[in-house]
Every structure is written in structure tokens, then in C-alpha cells.
Amino acid sequence: MDNGAMRRGGEWLKQVLSGPAGRAFIALVLVALVGVIFNAEGAFYKIATHRDALRQASVYGILACGMTLVIIGGGIDLAVGSILALVAVSCATLAIHWNWSSWLAIPACLLIGGCCGGLSGFTAARLRVQPFIATLAMMVFARGMAKYVSGGMKVSTAVQNPDGTYRYVDVPPLFEAIDRRILGDTVPVVTLIFAACLAVAWAALAWHRWGRQIYAIGGNEEAARLSGVPVVFAKLWAYVMSGVFAGVAGICQAAQEHQGDPEAGVGYELIAIAMVVMGGTSLMGGRGGMGLTLLGVLTIGYLDKILSINAVPEAGRLMLTGTIIVAAVLTQRRRRS
Amino acid sequence: MPDSASTLAPLVRMTGVTKRFGPVTVLRQVDFEVWPGEVHVLAGENGAGKSTLIKILGGVHTDFEGSLEVHGRPARPRSPTEAAALGVSVIHQELSLVGPMSVSDNIFLGQTLTRGGWVRDGPQRQQTRRLLAELGLELDVRRPVEEFAMATRQMIEIAKALSRRTDVIVMDEPTSALNGPEVDRLFNLIGQLKGQGCGIVYITHKMEEIERIADRITVLRDGVRVGSAPAGQLPSAELIRWMVGRELNEQFPRHTPRLGAERLRLENFSVYPEGGSGRASVQGINLSVRSGEIVGVGGLQGSGASDLLLGLFGAYGDGTRGRVQLEGRPVRIRAPRQAIAAGVALLTNDRKATGLVLSLSIVANATLAGLNRLSPGGWRRPRLEEVASERVIRPLGLRTASFDLEVGALSGGNQQKVAIAKWLQIEPRLLLLDEPTRGIDIGAKHEIYHLMNQWTAQGIAILLITSEMPELLALSDRVIVLHRGRVTAEFDRASATPERVLSAAMGTERLSGNQRDPTPAEFDRRTQAG
């Protein structure tokens, strides 16, 4: 055995574990360990359990992708849950009632999401309204829009005839395509969409000029401005991207429910924020990343799944999740050096 | 001066006070006394230790060597509250009033009059009115303090101090935000307080104020007490000598370079930090910097020198007036981005607050200003960034294990080098340096002096602000001096002496003998001669 290599390996491990990624990883491992111990008579070892855990976490995860971008830039986006609902009812209207093809419906839905994000971004970045307030307003506004578009009712495959009776139409192919599992029934399409969103957000953050600018703004906005970073533009883009991701999540939500529910997505923004924070991205901005968010999404997603296969009632599940979020964030807190 | 039986003891006596921050000694064996009924002016250059001394008296700094007596009894206030309980109130430059709260609530903040837990508004207002009347003020005490003018707020602050049985009042540059009549009112009030037996410690950088109200003057220099004398026995020339004092040995060799064409020209340039409707912090500046030249901007706190650079750099957006020419072409710079595109770089005076993104790596910071050029098409080229960082950082002598280290983990000197590297990245033609050597050790300072020689040899023009007099005089080819936002003097290298620069900075020496700004013709003559 090479002692030096072992010591170097130990150092490396210590270094990794002391960073936010290491700590987020430990949290995930602990949750997995809980799953192994409380495996609900082997249910935890079934592939269907993991498949469902990932599927259920996917919509939240897509929202968390956009949320990460905004939070790294020093902001917050409370509107994503409402934008999800607005896009879900729009998507259902376009695909079910108006029979739009997917090639038109998807871009239209993403445009709606992007415009909502752009509006809250404009309010926050250009008009300098606090992000919390700007997106809170958008949250209320988009919810209202969702109810306006849907007439306050679920947009489903039950279509009203001119004489007042209802007839059922087919589920549109777009919804069926998304609400499917591929690769021998193992991988849900929504999980793939989540992975794609993660990849896009990751590439933008890690490899695009804009990513560097948004880290700089979150870390020290004044220094970034004095270094020539287009602060307003970069922040605006973060909100636009968050809105587009909320649009993607809205399409997925509608596809999975086979309808557009104007009440969908209530409180989703808070779960997305919890996932981002759980991963170790700082709410102060400037620090974090998509890898961390993936860990956060998995941790909270699995935690929920493990509690549910053990038949913990929802009341207990929520209380436990809340407790664990606090515990995780306490361990993530940066120690003053 | 003390003259009656009741004033046998000073209100405050500090003896042998020494204060260290880590390895740096900022005060060394300082003695300081305040007697009843006197205005004791504390004078000294920036960094002489005035604020530190006041913070010890006011209970902000609690670990120091030496003794502090209040009313003849040993005291060691551990907080501003404890200092206030001893009768010592410090009126800071940033006032400690709560803007949206009413005058009376502010006066009674922390000692609210209550009955059974409920606030007794009536008596509070009555007492506040009585207190203000004693100071010759009549205000609606129910109005929020933020609705009053700066001077009135300062009076309210003083009233607040007096409401707590205060007999030592420390004022740290109280007139920096006041206009002429407001200053008169403040000085009247100070006269009244003296009459009531209060001792007043007054810090100012303005010679005319010292001449008007000082009874006694104590001068600090580099953390040491130079001397203390009744105001009448200390003419202003002598006072300036006390403040400057040190020998100027040529520590930093400045290789006078060949001067090239005019790089920057300002005509009647004014800066309004709060936008066009606010107050101008810099007014009617005429200035010219040539390629290869270092022009030093001298001035004490509140002179507006930093705002001059920020305004020029576009940091205040539209908040500038006047003509700016870069290399003979008129330009209008409204954002830092435009300044950078024009080849102008600004090293700010606070690298942690406005210079660097501490949470990002060395490479990320060193490439931040040049990111557009380094990422054609929008996608970053990490390898290119590394090479570009290497190119600017290597000559700065930054020694570090890896360029991926967070900047927050570096020493002050190395952080400053990263901040400089960021600006070298854009290949600037005009460098605006605001306190380039603040808070770094002597070795790193000399490296930066050396670099400044190199840059000017390459034809870069430098506009330099530094609060260290020897640095200013040794590095500048020409010095302009600002006082309250206006140029009060301009010296070439040979005629700039510490005494003359300091008296201009304190407002005693003026251009053309009065406050008139030079006409463009005069300006031309002077710059051509220089």
C-alpha cells in the first residue's frame, strides 16, 4: 500500500466533504440510508419505486433549475408555481380545445412562460423593485391569468357542446408522448425533460459568458457593475429563463394530469427553493450550481418517496420534511474563516 | 480654558492610550483631555488616528492600553450605551436617527416614557419641545425626522444627546453636509453648549472652522500626539506644520517619462451622485492628463475626489455635467461599460465592497472586465481565460498555488493585485486609481509604485488619488487639490510641498485668491505651462 497516496486520497476526501457539494452529498446518502433501513418490506429495492421517485421529483426539479439561476444572481422567483398553472391551462386549451400541433403549442407555451418571467425580471432588475415583491406580484398576477384563461375551471378532455352537454375527446398526442415511459418502461419522459433542463441550465451557468456574469452579480453587484457587467440585462435573463423552465414544468404538469388545472402548482415555488437551498446554493447569491441543485432535488424527492412507501401520513411527512430542511441548511451554513 | 473652582478636573482625561489592530499600531501613548466649557479641536491628516481615539472614548473600541477617566473616575466604556451613561455622546457623520420615526420618539429612543408598558406620547412630546426650545429650535415634534433638512436632523441628534445628561459631545465632521447658514446655526448652538459647561470635541478638516470655534487644538500624526495648544497660540501655518511634520525622503523613485499627447481633458466637470437634482459633490473641475503622466488628486475626507473618478467612469449614470474629452474627442460616458470600451479603467478605493467579487476565483475576477472579448459568440473559453489571466497576473508578481482559488481567501496585497489585473486585462489607456495602496503591506506598495512607473512608460495616463501625502508627492507629476468639490490649488512637482498641499486641502489656500473658478483661458494657460 502506498501510504502517501492514501493520505492524499484522505485529504481529497476531506476537502470534498467540507465543501457544499460534499455536505449535500452526505445528506443524500443519509436519506438513502433511511430508505435502506425503512425499506417497507423491500419496496425500496424495487425499480418502480425509484422510477416513481424520479418522476414525482421531475416537475419540482425543472422549477428548481430556473430557481437556481435566479438565486445565484441574488434574487428569488416566487412566481414559478403560478406560471406553471398558467402554462398548464394554456397548454391544455391549445392542445385539447384548439387542436394545435405540438410544434406550435410547445413554443407558444414556452413563450408565455418566458414573457411572465421577463415581466417579473423587468420589474426586479430595471425598475429595481425587490425581487421578493416583484415576483410575489407576478405570482398573484399569473394565477389570475390562469383563472381567466380557463374560466376558473379545469381544462380537460370533457369538452362542452353548443347545446350544453359534454363529450369526451381523445387525450392529445402531446400529452401522451410526455406522460409515457421509454426504454423498456423504465424511464419516464418527464425525467428526461428534467435532465435536459438541468443540462441547459448547467451549460449556461458553467460555459456561457452570462453564467459568469450572474455569479458576479450575485457575489457583488456593485463590483460587477463597475467591471462593465450588464447587470440589468443579465438579471432579466435569469428571470426569463426561470419563466421558460416554469413553462416546461407547466406542459409536463398538464400532460401528466391530462388537463390544465388553474389551481395547479400552489406552493411549488417553495419546494423548488427548498431543493435549491438543500443543495447548498446560497440564498445570498454568488455561490452554488446546478450539480448542487440536482443533489437537493434528489434528496427531497427521495425523502418524500421513502416516507410515502412507509405509509407515513401526509401530516407527518410535511412536518418531517420541514425539520430536515432546517437541519440540512444548518449543516450547510458557511463557517466564518 | 478652565477657570472656576468647579472645573478643577477635566471632564475626560485619557492617558497613554495605545491601540493596535493586529500588528499595526494606530495609536501610540496618546494623551487627551477635555475641559468643561471648551471646544477642543482634534486635527490631523487622514489616518492620523483621530477616529480611533474617538471610538475608544465612545465605547466602540474596548481593548486598548492606557487609562481613561471620566469626571476624575477611571472608566472603561464597553459599548456606546455605557459611554452615553457616563455622559459622553458621539455624533457621527452618519446620524443615528431612525428616519420614519417622529422627532420625539427618536429623542426618547431607548428610554421611552411608559406607564404600565404603554408609551406616554404626551409627556414625551412636551419634554422634547422643552429640550428643543433650549436649543432655540421650534419643530413639529410629531413629524418623522426624515422630513427635516440635514442641519435640523443634526440639531435633533444633539438634542437627543443632551436628553441623556451629556457633558462631553464629540462631533465628527458635523458640517460636511451643511450649507453656510446651517453651519452658523450649529456654531451658535456649540456656543450655547459651551456656556452650559459642556466639553466639545470637534473633528474637522476645514481651517476656517478651526479658526472660528477652536479653544484648544490637539494634533495627531501617524497615531502619535504631536502637541496640544490653545488655539490663539497656534497660527494656521504652525498647525499645518504640526500635521505634516515628517521628513519627505525620496522613498519611491518616480522616473519622469516622456509626456505624450493629451489623453484626458475635463472642462467645467461636475458630479451629482444622487442625479441631476441632488447636491454636486464635485463642481466645475478643469483638468488635463497627458499620456505617460501621473496627475495626483489631493484632498481630505469629503473633498469629492473619489466622486470625480466615479463620475468620470460613468458610475453615476447621467449624474455628470460638463465636457469630457478623451484623446481630443468629446465623449459622453453614462455607464462603466462605455468607459471600459473607451479604454478607461477605475480601481476603486474599497476592493472588498466595489472592486472584487470575493466569492469568485482569481481567473473569474481577472477576466471579468474583459469577458466580452474573451468569450466571442457568448461561450466562454476557459483555456483562453487562463492564458489571459496569466499574462496580466504574472508581471504583478502574484504568488499563488492556483488561479482557481477564491479571491476572498487571498491576502490584502494579493487581492489588490487581482483587482489591478482585472483592469490591465482591458489594456487601458487611462487608469483612474483610487487609493491603490490602501491596506496593503509596504512590500506590495513598492511593487505597485514600480508598476505605475512601468505603466506610464508604456504611455498610460494615470489619475491618482491617495490620502498618504508622501505617496501623493512622490508619485505625482502634477498635483491638483480639491476642497469641498472644487479645485483649490494646482502644483507642479517642484512646487508641491506637504504644507502647501495640506493648506489647500483644508481650504486656506485658494486659486486666484478667491472662490472664483478659472476661466477657460486661464485654464489653458495653466495647463500649457504645466
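**Reading salt bridges, an interface and a tryptophan**

Student: I am new to this structure, and I would like to begin with one residue: what is the relative accessible area of A:Asp304, and how should I read that value?

Tutor: Keep in mind that this is a predicted model. The relative accessible area of A:Asp304 is 31%, and because values under 20% count as buried and values over 50% as exposed, A:Asp304 is classed as partly exposed.

Student: Which side chain does A:Asp304 meet in a salt bridge?

Tutor: The general idea is that side chains of opposite charge can pair when their charged atoms come close. Here the partner of A:Asp304 is A:Arg317, with N to O at 3.6 Å. This pair links distant parts of the chain, since A:Asp304 belongs to helix 13 (residues 290-309) of chain A and A:Arg317 to helix 14 (residues 314-332) of chain A, with their positions 13 residues apart in sequence.

Student: Where do the two partners lie when B:Asp215 pairs with B:Lys194?

Tutor: The side chains of B:Asp215 and B:Lys194 meet in a salt bridge with N to O at 3.2 Å. B:Asp215 sits in the loop between helix 7 (207-213) and strand 11 (216-221) of chain B, while B:Lys194 sits in helix 6 (residues 180-195) of chain B, so the salt bridge ties together parts that are 21 residues apart in sequence. Both partners are partly exposed, B:Asp215 with a relative accessible area of 23% and B:Lys194 with 25%.

Student: Is B:Arg478, which pairs with B:Glu490, buried or exposed?

Tutor: With a relative accessible area of 5%, B:Arg478 is buried. Its side chain meets that of B:Glu490 in a salt bridge, N to O at 2.9 Å, and the pair links strand 21 (residues 478-483) of chain B, which holds B:Arg478, with strand 22 (residues 486-492) of chain B, which holds B:Glu490, the two residues being twelve apart. Elsewhere, salt bridges that share partners join B:Glu262, B:Arg265, B:Glu267 and B:Arg323 into one network.

Student: How many salt bridges are there over all chains, and how many between chain B and chain A?

Tutor: The count over all chains is 32, and two are found between chain B and chain A. One salt bridge between the chains joins B:Glu406 to A:Arg287, whose closest N and O atoms are 2.7 Å apart.

Student: What else describes the interface of chain B and chain A?

Tutor: One can begin with the area that is buried, which is about 2200 Å² between chain B and chain A, with 56% of it on carbon and sulfur atoms. On the side of chain B, the residues that lose the most area to chain A are B:Leu368, B:Trp379 and B:Arg380, together 24% of what that side buries. In terms of contacts, 32 residues of chain B touch 22 residues of chain A, and 13 residue pairs are in polar contact across the interface. Several elements give two or more residues to this side of chain B, including helix 10 (336-341) and helix 15 (412-424), but helix 11 of chain B gives the most, with four residues. By type, the residues of this side divide into 17 nonpolar, nine polar and six charged.

Student: Which residues does A:Trp210 touch?

Tutor: A:Trp210 lies in helix 9 (residues 209-219) of chain A and counts as buried at 8% relative accessibility. Leaving aside residues up to four places away in sequence, A:Trp210 touches A:Leu69, A:Ala204, A:Ala234, A:Trp237, A:Ala238 and A:Met241. Its side chain also reaches the backbone oxygen of A:Ala234 at 3.0 Å.

Conventions
Residues numbered from 1 in each chain as written. Chains lettered and ligands numbered in written order. Predicted model: local features only at pLDDT ≥ 70, side-chain atom pairs only at ≥ 80, totals over all residues. Heavy atoms only, no water. Salt bridge = Lys/Arg side-chain N within 4 Å of Asp/Glu carboxyl O. Buried < 20%, exposed > 50% of the residue type's maximum accessible area, 1.4 Å probe, protein only. Contact = heavy atoms within 4.5 Å. Buried area = accessible area lost by both parts, 1.4 Å probe. Polar contact = N/O pair within 3.5 Å; in protein donor to acceptor, adjacent residues only side chain to side chain. Nonpolar A, V, L, I, M, F, W, Y, C, P; charged D, E, K, R; others polar.
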